[in-house]
Amino acid sequence: MSASMKSQLVGVIGPAGFGGSYLSVELIRRGHKVVGISRNPQSFGTHQSYTPRSVDIEAASIDDLATSFRDLEVLVSEYGPHTQGADALKYMPYVEVVRKLILAVKLAKVEYFVFVGGAGSLVVPGTHESLADYPSFFSAYRRQMAMSEAHVQYMEERLGPIGAPLRSYRNARLAQNSGTSTAEDIKTIQMYEDSIRKNDRASEYIKAGRATLLFFEGNTSFPWTFVSPSPLYRPGRRTGSYQVTVDYVPLKGEQQGEDALDGRLTGISAVDLAVAIVNEIEKPRLMHKHWTASADLSDDTSYPSYVTAKDI
Ligand SMILES: NC(=O)c1ccc[n+]([C@@H]2O[C@H](COP(=O)([O-])OP(=O)(O)OC[C@H]3O[C@@H](n4cnc5c(N)ncnc54)[C@H](OP(=O)(O)O)[C@@H]3O)[C@@H](O)[C@H]2O)c1
């Protein structure tokens, strides 16, 4: 925060989760005060600029939610199901919770609602399809994810039953790339890619994320911004720089083969996305926009999936 900028009271839903913990650390480091809203917000730790506020947003009424938002200048939703494991990646309750959050934000007259959704709502350039509906998205997504050790570790830590087959697929692909693959490796690659084409285990949840955009798009009855992390979002190094793209998925390089997405997806580290969100909070430029931020992810060092007040 520069000297001319005032400290703001920012509510973060999901302060101890993946994106929410990196965001809470970034906000506090930059001189803001954070109210952490979740069922167990104390798990973020203690700090003079951090106040935990215990709320179960799935169970709470709209009035209860509005009461817990009323003193906030800005509210950021980093709500997500991942900390409950791979089986929690469902269409519901996510869509219903977002509907309630918006009604409560309006009732509480929150000055700026920053909603962090998913990459699935980003539109593929040259089409009218969002990533979640684009036929080759899930294959392209898992293929690129598997080539990053940091990403695979993050998936193993957060979503074991999705991370374990991704690790086997990575090992088989590495063997294939180095010319040492066995028949077993080739079978592992084929079986993994077939299963993703049929039904990626996260697809229901990713479709929920892209559906929630419709609650926001074209709706100027409250102040919002909708942030979709770029697809290869993971823990990583802080570069402090990023590119913003509105509505569309940023793709790198030129299309090589048949598929528009293969090898061309971009990503961002949780800390760089946190920088982009805090910049938007301090100086809003993207109100009523659906946007993403992407950054350099060439450093494949593993970083933790969650940070706490000790990291401030
Ligand atoms: N590539 C991508 O596009 C991508 C990747 C990852 C995430 N995302 C998106 O980023 C957003 C945040 O996800 P995330 O993975 O950072 O978060 P997360 O780790 O899944 O969880 C965030 C927090 O949500 C809180 N929460 C869950 N249920 C709750 C409830 N009933 N009441 C109150 N709080 C509840 C939990 O805190 P408590 O346990 O304390 O309640 C949890 O720590 C989501 O919209 C997600 O889709 C996008």
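Into which domains is the chain divided? The chain is divided into domain 1 (9–124 + 202–311) and domain 2 (137–198), with bounds that come from an automatic or database domain assignment. The structure is a predicted model, in which local features need pLDDT of at least 70 and side-chain atom pairs count only at pLDDT 80 or more, while totals for chains, interfaces and linings use all residues. Residues are numbered from 1 along each chain as its sequence is written.

The C-alpha centres of domain 1 and domain 2 lie 27 Å apart. Their contact takes 19 residues from domain 1 and 18 residues from domain 2, where two residues are in contact if their C-beta atoms, placed from the backbone, lie within 7 Å. On the side of domain 1 that touches domain 2 there are seven nonpolar, eight polar and four charged residues. In this classification Ala, Val, Leu, Ile, Met, Phe, Trp, Tyr, Cys and Pro count as nonpolar, Asp, Glu, Lys and Arg as charged, and the others, Gly among them, as polar.

Helices (H or I, at least four residues) and strands (E, at least two) are DSSP runs, numbered from the N terminus. The axes of helix α2 (residues 62–69) and helix α3 (residues 94–108) come within 8 Å and cross at roughly 55°. This angle makes α2 oblique to α3. Axes are lines fitted to C-alpha atoms, for helices over the stretch in contact, and angles run from 0 to 180 degrees between N-to-C directions. Angles under 35 degrees count as roughly parallel, over 145 as roughly antiparallel, 65 to 115 as roughly perpendicular and the rest as oblique. From α2, the residues Ile62, Leu65, Ala66 and Phe69 take part in the contact, and from α3, Lys100, Leu101, Leu103, Ala104, Val105, Leu107 and Ala108. Of these contact residues, 10 are nonpolar, none is polar and one is charged.

Two backbone features occur in the loops on either side of α3. Pro93 lies in the loop between β4 (74–77) and α3, and the peptide bond that leads to Pro93 from Met92 is cis, with omega near 10°. Lys109 lies in the loop between α3 and β5 (112–116). The phi angle of Lys109 is near 55°, a positive value in a residue other than glycine.

Helix α6 (residues 160–177) has contacts with two other helices, α4 and α5. The axes of helix α4 (residues 137–146) and α6 come within 9 Å and cross at roughly 70°, and the two helices are therefore roughly perpendicular to each other. Arg142, Met145 and Ala146 in α4 meet Leu166, Tyr169, Arg170 and Arg173 in α6. This contact has four nonpolar, no polar and three charged residues.

For helix α5 (residues 149–158) and α6, the axes come within 6 Å and cross at roughly 150°, which makes α5 roughly antiparallel to α6. Val152, Met155 and Glu156 in α5 meet seven residues in α6, namely Gly160, Ile162, Gly163, Ala164, Leu166, Arg167 and Arg170. The α5 and α6 contact divides into five nonpolar, two polar and three charged residues.

There are 28 residues around the ligand, a residue being near a molecule if its C-beta atom, placed from the backbone, lies within 6 Å of it. Gly14, Gly17, Gly19, Gly80 and His82 come nearest. Helix α1 (residues 18–29) gives the largest share of this shell, three residues. By class, the shell has 12 nonpolar, 12 polar and four charged residues.
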